[in-house]
Amino acid sequence: MCGIIGINSNKSVSATIINSLKKLEYRGYDSAGIATLSEGLINEVKTEGRVDKLEKNSLVQNMEGKIGIGHVRWATHGLPNSINAHPHSSQNVSVVHNGIIENSTLLKKFLVEKGHKFKSQTDTEVIVHLITEHLRTQNIVNSIKKTLKSLHGSFALGILFKDQPDLIVGARRGSPLAVGYGPNENYLGSDSYALKSMTNKITYLDDGEFCFIKKDHVEFFDEEGTKINKKVLELSSDEKKYDKGDYKHFMAKEIDDQPITLKNGIKEYLDNTNNDINIYNFPWKINDISSITLIGCGTAYHSCLMAKYWFEELTSLDVSVDIASEFRYRKNRFKKENLYVFVSQSGETADTYAALDLCKNNGMKTCSVVNVIESSIARKSEFVLPIHCGTEIGVASTKAFLGQMLILYILSLKLGLLRKDLKKEIFIQKLKDIKDLPNLVEKTLLTDNKIQTISSTFNKAKGSMFLGRGFSYPIALEGALKLKELSYIHAEGYPAGEMKHGPLALIEEGMPVVVLAPRDNYYKKTISNMQEVIARGAKVLLITNKSNDNVISENIWETVVVESTNEDLLPFLLTIPLQKLAYYSALKKGFDIDKPRNLAKSVTVE
Ligand code: F6R
């Protein structure tokens, strides 16, 4: 969370910093700030709210300086107001920070005793005062080294010094940070996305490292302050993909783009010539794997849960699923024959990264399913399966969810085949079905109008429920998550069979309940559960798939019918109306769809 930008140039930087901050708003958007150095003084302007507000501030419009840092914040310590916004500055030093300093209370006590005065409620301000304190007696390298050593927790930092007109310091532990190289200027950014409009030459800092960004070169140091060499990577330039075209919101576009993004994924992984799946470089012997653990957070966790059903159906592997923030602190029984799969759109989620780190440190087999291939999670995993769905900007994940499910499904088929759990002819049939999927998603997107009308009822509701069994259960969880995060309506996802063990008490007259009942093995059971909620006054929106027989049920409020395909793939189609439902509910309420309150796209704090 939080976005950092730093530019050291031979021309004025404030406008470029503001533009880069706009790109970084997906990481946090409750407050923003900028600091530049001009004529030996640090100028700092901060505001609560969005970068737009910062940009309109006359002090920013007239801001001078050829070196500067900027920040968009997602509050951890202290309210989202202008005082707590970053940068935080003393007379000598200005700091932007992403992460959490866990021992800030202790450090603050120590610094206050030394006479330092604090202005904000943030943990970040201790960094400013620690550096200021060390600079009294030591050079910059030692001051930075000493400061970083005394910090517990996670951070990515950008630091500006009053007496150093040609220096921005960047430092990383736990939170991502990249350096970019331009003509006569160099940059610091919390990810490559922010830097892409300025350069495609990037170096990622690794944990414990810091760097000195000068106008004409960059120096890197390890945590002991020893100079090190780092690789410069070249990124592909795909700026056009960030455009939302005629759409009002990125999310709307990202939902509608799903037939294309699925096609891209299919093109990468399906080997039509050999009727096979193009995962030929799998780095482990298949017989060395007897179980699999899938780990992620939020929507990515739901795709892991979905994959559990597929792996159990298509392979004889033992499968477990974990929420990363739970996994990382539990007493895990690590097993050599287990494959650990980490799923993350951004590839930067702090808990998922920490879970991966833990597995690596215990010598486990690690594989990641990510969208951002330059991300920390991708770089740390032994084996990477990219989802190839392009940049996702909307904070609520949509096309990346379908992308993750596609790759996990493909992986389950491949492992099923390699382990001889799956017959070749069935495997080939399933590949054929996958090829039809983009077309079926396209047709299912035509439920749009109906969902728009239905969404009005959800808007008026106090709460809602999403029910499903088997393959539809993870999708019910995902549908509920989408509705709550975008429209702020309370929504619970539940296995339909669990309702009578407690949640049925929540059902009252007129409560909207979404029932996912495709024509699969669970159909009849789910329809019975649906009747139980109808009998208690629920307004049921049934989502099912096309079939020759009519729905054998009464008193259903609304029915939405998606296309038909094999049972494994129905979850992809069931997801579409749920994404649209969340979108239109939020739209009608006038909420900020691409940036829902309190959230951020990339969760780099735990
Ligand atoms: C919800 C959503 C989040 C993310 C979660 C993990 O719509 O987007 O729940 O899925 O924060 O993020 P990644 O996939 O980047 O690890």
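Modeller: Two strands are said to pair if DSSP finds at least two bridges between them, and that rule is a good place to begin with this structure, which is a predicted model.

Colleague: How do you know that β12 and strand β13 pair?

Modeller: Four bridges link β12 to strand β13 (residues 218-221), and the rule asks for at least two, so the two strands count as a pair, here in the antiparallel sense. Within this pair, Ile213 stands opposite Val218 in β13, and the two strands are joined as a hairpin through four residues.

Colleague: Which strand pairs with β12 over four bridges, beginning at residue 168?

Modeller: That partner is strand β8 (residues 168-173), which also runs antiparallel to β12, with Val169 standing opposite Phe212 in β12.

Colleague: Which residues of strand β12 point one way, and which the other way?

Modeller: In strand β12 (residues 210-213), Phe210 and Phe212 point to one side, whereas Cys211 and Ile213 point to the other, and all of them are buried. This follows a general pattern, because in a regular strand the side chains alternate between the two faces of the sheet.

Colleague: What makes strand β10 largely enclosed by the rest of the structure?

Modeller: A residue is buried when its relative accessible area is under 20%, and five of the five residues of strand β10 (residues 185-189) are buried, so the strand is largely enclosed by the rest of the structure. Both faces are covered, with Glu185, Tyr187 and Gly189 on one side and Asn186 and Leu188 on the other.

Colleague: How do you know that strand β9 and β10 pair?

Modeller: Between strand β9 (residues 178-182) and β10 there are five bridges, in the antiparallel sense, and since at least two are needed, β9 and β10 count as paired. Tyr181 stands opposite Asn186 in β10, and β9 and β10 form a hairpin with two residues between them, where Asn184 in the turn has a positive phi of about 60 degrees. Strand β1 (residues 3-8) is likewise joined to β10, by four bridges and in an antiparallel arrangement, with Ile7 opposite Tyr187.

Colleague: Why is one side of β19 and of β22 left without a neighbour in the sheet?

Modeller: The sheet is an open one of five strands in the order β19-β18-β20-β21-β22, with parallel pairing. Because β19 (318-323) and β22 (383-386) stand at its edges, each has a single partner strand, and so one side of each lacks a neighbour in the sheet. Neighbouring strands of this sheet are turned by 20 degrees against each other on average, direction ignored.

Within the sheet, β18 (residues 291-296) runs parallel to β19 and is joined to it by six bridges, with Ile295 opposite Asp322 in β19. Helix α14 (residues 399-418) lies across β18, β20 (338-344), β21 (365-370) and β22, at about 160 degrees to β20.

Colleague: What makes the place of Ser344 at the ligand a polar contact?

Modeller: A polar contact is a pair of N or O atoms within 3.5 Å, and a polar side-chain atom of Ser344 lies 2.6 Å from an oxygen atom of the ligand, so the pair falls within that limit. For Ser346, a polar side-chain atom likewise lies 2.6 Å from an oxygen atom of the ligand, while for Val395 a backbone N or O atom lies 3.3 Å from one. Taken alone the ligand exposes 410 Å², of which the protein buries 90%. Among the 14 residues around the ligand, Ser344, Gln345, Ser346, Thr349 and Glu485 come nearest.

Colleague: Why is Glu39 counted as exposed?

Modeller: Exposed means over 50% relative accessible area, and Glu39 has 76% relative accessibility, so it counts as exposed. Glu39 lies in the loop between β2 (31-38) and β3 (41-48), and its phi is near 50 degrees, a positive value in a residue other than glycine.

Colleague: Why is Tyr488 called partly exposed?

Modeller: Partly exposed covers values between the limits of 20% and 50%, and the relative accessible area of Tyr488 is 21%, so Tyr488 belongs there. Tyr488 sits in the loop between α17 (472-487) and β24 (490-495), and has a positive phi of about 60 degrees although it is not a glycine.

Colleague: How do you know that the peptide bond from His86 to Pro87 is cis?

Modeller: Its omega is near 0 degrees, and Pro87 is placed in the loop between β4 (67-73) and β5 (88-89). Such features are worth pointing out because most peptide bonds are trans and most residues other than glycine have a negative phi.

Technical notes: Residues are numbered from 1 along each chain as its sequence is written. This is a predicted model: local features need pLDDT of at least 70, side-chain atom pairs count only at pLDDT 80 or more; totals for chains, interfaces and linings use all residues. Side-chain values use heavy atoms; hydrogens and water are left out. Axes are lines fitted to C-alpha atoms, for helices over the stretch in contact, and angles run from 0 to 180 degrees between N-to-C directions. Contact means heavy atoms within 4.5 Å. A residue is near a molecule or strand if one of its heavy atoms lies within 4 Å of it. A polar contact is a pair of N or O atoms within 3.5 Å; within protein, one must be able to donate a hydrogen and the other to accept it, and residues adjacent in sequence count only if both atoms are side-chain atoms. Accessible areas come from the Shrake-Rupley method with a 1.4 Å probe; for residues, only the protein chains shown count as cover. Buried means under 20% relative accessible area, exposed over 50%, partly exposed in between (1.4 Å probe, protein chains only).
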